[in-house]
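Visitor: Could you walk me through this model, taking the overall make-up before the details?

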Amino acid sequence: MKKVILFLILFLVVGIGNVSAADKSYSIDSVNIGATVSSEGSMNVVEEREYDFNGSYTFAYQYINKTGERQEKYNLSNFKVCDEKWCYLKLFKIGDADTIKPINSFYVIEEPSRYYIKWFYRANSVTKNFKLSYKVDNAVTLHKDVAEIYWKWIGDDWDISQDEVDVKVDLPKGINGEEIKAWGHGPLEGKVSISNQNNINFNVNKLPSKTFFEGRIIIPKNIFYKGVMGNLTKEEIINQENKYIEETIAKIKMRSNMGNGLAIISILLFLWSTKIFVKRFKEFWKYQKENKLPQVTASGRIWEPPSDIDPAQVEQLMTVTDTLTPKAFTATILSLVQDRFYKMTRSDQKMGFLFKKYEYYLEKLQTPNFKLQSGIQKKIIDFLNKIDKEKISLKEISDWCKKHQSTSYKFFKDLKEITIKENLSEGYFDKKANKLNKSLRTIAGLILLETVQFFLIVISASLKANTWLIMLQLWLIPINILFLITVGILKFHGEKRTEKGNLEAAKWIAFKKHLKEYKQTVNYPIDSIILWEKYLVYGTVLGISAKALAALPVKFSNVDQSMGVMYWGGSNFSGGDFSGISGA
């Protein structure tokens, strides 16, 4: 479940880990285009764009197409580029301009089907306004009985979106307003209005990248004394546009139906996930909610380990989860020394530069005196055998894990599963709760997929500017995220101890309390190597520091003293330094 939550967080926080991309970007916040049509058939165009730069920029460029809906290409002239302060110098010899990037200059390249305009400036995290002007020498097409102006205000080769696009077209004077017709092509949200006899407006709030925005105007032919010859009639043009309008209405209807369908699917999926979530929450409260621990002694303390179960089992019992920490791994290694599968030796002197401590080593014993207590010990022995050395330092174990990460990950995953099986088979964990807890992974995965689908719908709806569908998804997504977080919490607390497990956990808690206070009980030193070994093993998994364990008061017989030296290293046990053990 941690992976699920991590994935979701990464999905939500867009751009994390990609700082370089976020450091440099720009947007076009407004576009104002003015076009003045002349009776000679030409059109002067002025394009003003507000650029918002984040980072350092030195040039910009733009394409203008020469081809359109008619056979004859458009011819452009009188190019000019200006900003708020200067009008730029036009370069007639390009040379190495792209390398030098001479400030306040521009050049124009005429290609077979388009013009390429590039200008140079200096901008660093500021807002700049650029004005590109040019003349379309042959803008007007003279058809059989009507004149036509058909122009792409913005082409489909822009890599970023443009906001607040406003186009104003001034026509020659003397035109009857009833004889003017205008249509816009491009985004479905675009608007066209004829404000008076000589003025037409085309508007769109947001023009997506790679999307064109064009206008088509027909006016009386007698206004112009010059233009490109066409072969259409006014009726044919109106019929074409009516067909476009019908297609647009059909697209809007289809998009609306699709939006309604996606909304219905989203709501049904949300209702389904809500039903599953509520049911699962009730099951958790009924079958997985942990009961209060019993009081095992009047003092709340136990002087000896309550049982000989594996240290890893103890850790899971204490946390009521299936997780394991390195403490369980270290404690199990110590239990293998306790059971004489290994012996521990210590370096002759302390190692290190600033913080010196002894180095500890594990050495295999050829003929162990005891049988393996559990599959947990066997799993760790098999793992240590992979290192394939008769004498292994505890630091080498850590280094080997770092070098063989995939193998180590699988080992610790298997160790966790083996330990939970031991706790289940021995009656410490509730089997029904464990089964329900496993089902939470599936539920979390389904809710996650549903949430991802909601995100995809938001992206799709934003591209089509479907505001109400976006709002629906943005209402559903936070609730689904809340479901995911709650399922994650339920999953983490999904295991449940049985009555036997509760009693066992209560005893280990009481023993831990005793261990924390034992160093103060100097009047009652440990007089058995067997008991001391248990204190060392279980103290490690219970989180008692190596320093505190080293300070345990002992009073061994000569036999036990010799036994300790033989299997645990060092020269005595009346205050030895075991800090190096934490290296495992």
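Guide: What follows goes from the whole chain to its cavities, its cysteines and a few single residues. This is a predicted model, in which local features need pLDDT of at least 70 and side-chain atom pairs count only at pLDDT 80 or more, while totals for chains, interfaces and linings use all residues. Residues are numbered from 1 along each chain as its sequence is written, and side-chain values use heavy atoms, with hydrogens and water left out.

Visitor: OK, how many helices and strands are there in the protein chain?

Guide: The protein chain has 15 helices and 19 strands, where helices (H or I, at least four residues) and strands (E, at least two) are DSSP runs numbered from the N terminus.

Visitor: And what percentage of the residues is buried?

Guide: Of the 584 residues in the protein chain, 43% are buried, with buried meaning under 20% relative accessible area, exposed over 50%, and partly exposed in between (1.4 Å probe, protein chains only). Among contacts (heavy atoms within 4.5 Å) with a separation of 6 or more, 75% come from residues 24 or more positions apart.

Visitor: Changing topic, how many cavities does a search of the whole structure find?

Guide: The search finds four cavities of 30 Å³ or more, and the largest has a volume of about 190 Å³. A cavity here is a set of points on a 1 Å grid over the protein atoms alone where a 1.4 Å probe fits but cannot get out, and lining residues have an atom within 4 Å of a point. Grid points are joined across faces, edges and corners, and a volume is the space filled by probe spheres set on the points.

Visitor: Which residues are closest to the centre of that largest cavity?

Guide: Of the 20 residues lining the largest cavity, the closest to its centre are Ile64, Asn65, Trp151, Lys152 and Trp153. Two or more lining residues come from each of β2 (43-54), β3 (56-65) and β10 (147-154), and β10 gives the largest share, five residues.

Visitor: What does the lining look like by class?

Guide: The lining of the largest cavity has nine nonpolar, five polar and six charged residues; Ala, Val, Leu, Ile, Met, Phe, Trp, Tyr, Cys and Pro count as nonpolar, Asp, Glu, Lys and Arg as charged, and the others, Gly among them, as polar.

Visitor: On to cysteines: which ones form a disulfide?

Guide: Cys82 and Cys87 form a disulfide, with their sulfur atoms 2.1 Å apart, and the count comes to one under the rule that a disulfide is a pair of cysteine sulfur atoms within 2.5 Å. The torsion about the S-S bond is about 95°, so this disulfide is right-handed.

Visitor: Is each partner buried or exposed?

Guide: Cys82 is buried at 11% relative accessible area, whereas Cys87, at 58%, counts as exposed.

Visitor: Where is Asn138, and what does its side chain reach?

Guide: Asn138 is in the loop between β8 (127-136) and β9 (140-142), and it counts as buried at 12% relative accessibility. Its side chain reaches the backbone oxygen of Lys73 at 3.0 Å, a polar contact being a pair of N or O atoms within 3.5 Å; within protein, one must be able to donate a hydrogen and the other to accept it, and residues adjacent in sequence count only if both atoms are side-chain atoms.

Visitor: And where is Arg340?

Guide: Arg340 is in the loop between α6 (326-338) and β17 (342-346), and a polar atom of the Arg340 side chain lies 2.9 Å from the backbone oxygen of Val337.

Terms used: 1 Å grid on protein atoms, 1.4 Å probe; cavity = no way out; pocket = protein on both sides within 12 Å on 5 of 7 lines; lining within 4 Å.
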